[in-house]
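Here is a short briefing on one protein model, written with pockets and surfaces in mind. Keep the viewer open as you read, and follow along residue by residue.

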Amino acid sequence: MHGKLRSVSLGTRIIAFLWDYVIITGYIIILIGVSFLIRPLLTPLFTSNPLSAEVTGFLFITLPVYLYFAVCEGSKSHATWGKRKVGVMVTGINGQSIGLGSSLSRSALKFVPWELAHFTIWHMVIPSDYPESLVYSLLAVVYVLALIYLISPLWSKNKQTVYDLIAGTVIRYKN
């Protein structure tokens, strides 16, 4: 608790994310359908080199998902669809509203492990100039970050993730 605001448990956060994942999955299904229609245009982007595959994947997958979280959490509701379903929202540490700028920063930090995973995978799948040891080391960093992000609410006073601590945000129940 911080003032009259109750912190949200890790379980509730996970349930909210699973609800959001319904929307993300729907988007990915649509994306797969569209990709079959424009496959000849996409194939070279995903096969020529790791950088073009990374940028293309970022533009089609990561960026829309990132914007979904950032725009929803920076809006008047301060919550994605999943967070609204479980009755929680993103606020500043003292319960104040966060703006779009803070929400964009928070979401960028949140998706660092995801995008780093994409980077390493593309450099594993497509021949790269980076040494294998670097790529596998970065993949290890992904797993460490994901674990830290997952367990950090368990030891944080306000049940904040590392990216919430850095961004000065917290997930709270709506009043």
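The second largest pocket of this predicted model has a volume of about 390 Å³. Its lining is made by 19 residues, and Leu31, Ser35, Leu42, Phe46 and Ile61 are the ones nearest the pocket centre. Below, you will find the rest of this pocket, then its bigger neighbour in the ranking, the nonpolar patch, a salt bridge and the overall fold.

**Second largest pocket**
- Two or more lining residues come from each of α1, α2 (39-47), α3 and α6.
- Helix α1 provides the largest share of this lining, with six residues.
- By residue class, the lining of the second largest pocket holds 13 nonpolar, four polar and two charged residues.

**Largest pocket**
- The largest pocket offers about 700 Å³ of space.
- Its lining counts 24 residues, and those closest to the centre are Phe17, Lys110, Tyr149, Leu150 and Tyr163.
- Five elements give two or more residues to this lining: α1, α3 (50-73), α5 (100-110), α6 (112-125) and α7.
- Here again α1 contributes the largest share, this time eight residues.
- The lining of the largest pocket splits into 19 nonpolar residues, one polar residue and four charged residues.
- If you wonder how such spaces are found, rolling a probe the size of a water molecule over the atoms shows where empty space is left.

**Nonpolar surface patch**
- A nonpolar patch of about 1000 Å² lies on the surface, built from Ile14, Phe17, Leu18, Tyr21, Leu147, Leu150, Ile151, Leu154, Trp155 and Leu165.
- Helices α1 (10-37) and α7 (132-155) supply at least two patch residues each.
- The biggest contributor to the patch is α7, which gives five residues.
- Leu147, one of the patch residues, has its place in helix α7.
- Phe17 and Leu150 are worth selecting in your viewer: both belong to the patch, and both are among the residues closest to the centre of the largest pocket.

**Salt bridges**
- The structure contains five salt bridges.
- In one of them, the side chains of Asp164 and Arg13 meet with an N to O distance of 2.9 Å.
- Because Asp164 sits in helix α8 (residues 162-167) and Arg13 in helix α1, this pair ties together parts that are 151 residues apart in sequence.

**Fold and dimensions**
- The secondary structure consists of eight helices and two strands.
- Read from the N terminus, the order of the elements is α-α-α-α-β-α-α-α-α-β.
- The C-alpha trace spans about 55 × 35 × 25 Å along its principal axes.

**Confidence**
- The average pLDDT of the protein is 92, and 97% of the residues score at least 70.
- Among the elements, helix α4 (residues 81-86) has the highest mean pLDDT (97), while α2 has the lowest (91).
- As a reading rule, where pLDDT is low, the predicted coordinates should not be read in detail.

How values were computed. Residues numbered from 1 in each chain as written. Predicted model: local features only at pLDDT ≥ 70, side-chain atom pairs only at ≥ 80, totals over all residues. Heavy atoms only, no water. Patch = residues over 30% accessible without salt bridge, like charges linked within 9 Å, V, L, I, M, F, W, Y side chains within 5 Å. Areas by Shrake-Rupley, 256 points an atom, 1.4 Å probe, with all protein chains shown as cover. Salt bridge = Lys/Arg side-chain N within 4 Å of Asp/Glu carboxyl O. Helix = DSSP H or I, 4+ residues; strand = E, 2+ residues; numbered from the N terminus. 1 Å grid on protein atoms, 1.4 Å probe; cavity = no way out; pocket = protein on both sides within 12 Å on 5 of 7 lines; lining within 4 Å. Points joined across faces, edges and corners; volume = space filled by probe spheres on them. Nonpolar A, V, L, I, M, F, W, Y, C, P; charged D, E, K, R; others polar. pLDDT = per-residue confidence, 0-100.
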